[in-house]
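Here are some exercises to try with the structure open beside you. Have a go at each task before you read its solution.

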Amino acid sequence: MFTRDMTFTDVERLDRIAAEAIETFVMDEDAFRAFYDRTARSVWSYLARITGDRALADDLLQESYYRFLRAERRFDSESHRRNYLFRIATNLAHDRRRRGRHAVSVPVPAENEPGALVDRSDLAAETERRTDLSRAMATLKPREREMLWLAYAQGSSHEEIAESLGLRKASIKILLFRARRRLAAALGGNRA
Amino acid sequence: MTLIECPRESDVLDALASKRWPHRVDRELVDHVACCEICSDVLVVAAAMQEDRDATWREANVPSSGQVWWRAEMRVRHEAIRAASRPITFAYIAAASIALTLMASVGWFAWPAMHGFLSAIASTQVSELSSPVILPLLVALGALLVVAPVALYLVLSDE
């Protein structure tokens with residue numbers, strides 16, 4: 001293999017190319033940091049819940065924001081930007097599932113921090129309820145988990161759910177109804 | 001026909017989100033939820049999910065925004081440089097392949113002549129090497145073998 005020493009001109013040229021690539025980011029650093037601070041926890045929670053794997057959620061969080069930054073599009077509003085971010089996160093989770101590297105297992109809630117033990121007398125009951133939810137969620141299809149989390153944990157509208165999941169708005173109502181019914185039954189609330 | 005939504009769903013969700021359920025809501029809403037399948041499902045699911053969301057948020061240990069930005073910058077820089085370097089590498093590989101092919105072709109066609117020449121040298125007496133034709137030819141061949149790689153290096157490397 002032929003190799004070649006880099007000249008000063010090469011370094012300058014590549015540096016310029018790298019700087020131009022950074023300029024293609026969808027937003028500048030200040031705007032990104034503000035947006036990240038507003039959304040990172042909800043994206044992480046969403047990923048942790050739909051994949052059932054905290055370490056995977058950490059990886060996918062980074063990847064989601066990177067792909068978001070490199071998206072070649074302009075956003076009309078904060079809501080549009082946010083929905084697009086969730087769509088990226090959802091697609092990444094689907095890709096991982098398809099590749100089979102991380103089969104969705106029963107997601108077990110993490111142990112609470114010791115400080116929380118002092119503050120929360122109902123900790124055991126909460127942990128039990130969360131474990132029940134994890135088990136019930138694991139019986140649902142991935143799409144149902146995503147939809148329910150967006151609707152009831154994040155309070156997204158049908159339109160936002162449709163945009164985040166790449167579905168038609170008209171189909172959200174019935175899909176959400178079915179998913180909710182299944183989860184309520186699995187949680188022991190009502191009939192299936 | 002199965003009903004799939006109830007107009008009171010949003011009231012239930014509002015009451016849960018504002019932590020008013022079940023003690024600080026109208027009695028009428030509580031009675032409605034008790035007899036409405038849809039609203040009772042909404043209550044069960046939304047209550048469980050909101051509790052889980054609050055706990056997950058507390059546990060979430062996300063990297064700082066500065067860290068994520070810095071990593072993205074490094075990655076895009078690396079990818080851009082790698083993409084820009086690709087044509088140069090490709091040109092070198094193509095040039096090397098062409099050169100090797102040419103050398104092999106020349107070697108293939110010239111082999112009978114070279115073989116005869118080498119056989120002639122092998123059968124030549126040492127005293128005959130001082131002939132005015134053979135010796136300079138051998139010296140020139142040796143020099144070519146030494147100079148050719150150096151010349152190749154100088155051509156392919158920058159000043």
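**Exercise 1. Find how many residues of chain B are in contact with chain A, and which elements of chain B take part.**

Solution. This is a predicted model, and we begin where its chains meet.

Step 1: Count both sides. On chain B, 40 residues are in contact with 47 residues of chain A.

Step 2: Look for the elements of chain B that give two or more residues to this side. They are α3 (37–59) and α4 (65–122) of chain B.

Step 3: Pick out the largest giver. α3(B) gives the most, with 17 residues.

Step 4: Sort the side of chain B that touches chain A by class. You should get 22 nonpolar, 6 polar and 12 charged residues.

**Exercise 2. Describe the overall form of chain B, starting from its helices and strands.**

Solution.

Step 1: Chain B has 5 helices and 0 strands, so its pattern along the sequence reads α-α-α-α-α.

Step 2: Compare chain B with a globule. For 159 residues, a compact globule would have a radius of gyration near 15 Å, whereas chain B has 42 Å.

Step 3: Check the box. Along the principal axes, the C-alpha atoms of chain B fill roughly 125 × 45 × 20 Å.

Step 4: Add burial. Of the 159 residues in chain B, 15% are buried.

**Exercise 3. Work out how α4(A) and α8(A) are oriented: parallel, perpendicular or oblique?**

Solution.

Step 1: Locate the helices. In chain A, α4 covers residues 78–99 and α8 covers residues 158–165.

Step 2: Read the geometry. Their axes come within 7 Å and cross at roughly 45°.

Step 3: Classify the angle. Angles under 35 degrees count as roughly parallel and 65 to 115 as roughly perpendicular, so α4(A) is oblique to α8(A).

Step 4: Name the partners. A:S79, A:N83, A:F86, A:R87 and A:T90 of α4(A) meet A:E160, A:E163, A:S164 and A:L165 of α8(A). By class, this contact has 2 nonpolar, 4 polar and 3 charged residues.

**Exercise 4. Now do the same for α7(A) and α8(A): at what angle do they pack?**

Solution.

Step 1: Helix α7 of chain A (residues 142–153) packs against α8(A) at about 140°, with the axes 10 Å apart.

Step 2: Only angles over 145 degrees count as roughly antiparallel, so α7(A) is oblique to α8(A).

Step 3: The crossing of α7(A) and α8(A) is right-handed.

Step 4: α7(A) brings A:E146, A:M147, A:L150 and A:A151, and α8(A) brings A:I161, A:S164 and A:L165. This contact has 5 nonpolar, 1 polar and 1 charged residues.

Technical notes:
Residues numbered from 1 in each chain as written. Chains lettered and ligands numbered in written order. Predicted model: local features only at pLDDT ≥ 70, side-chain atom pairs only at ≥ 80, totals over all residues. Helix = DSSP H or I, 4+ residues; strand = E, 2+ residues; numbered from the N terminus. Rg over C-alpha atoms; globule rule 2.2 N^0.38 Å. Buried ≥ 20, exposed ≤ 12 C-beta atoms within 10 Å, placed from the backbone. Axes fitted to C-alpha atoms, helices over the stretch in contact; angles between N-to-C directions. Contact = placed C-beta atoms within 7 Å. Nonpolar A, V, L, I, M, F, W, Y, C, P; charged D, E, K, R; others polar. Left-handed = near helix turned anticlockwise from the far one by under 90°.
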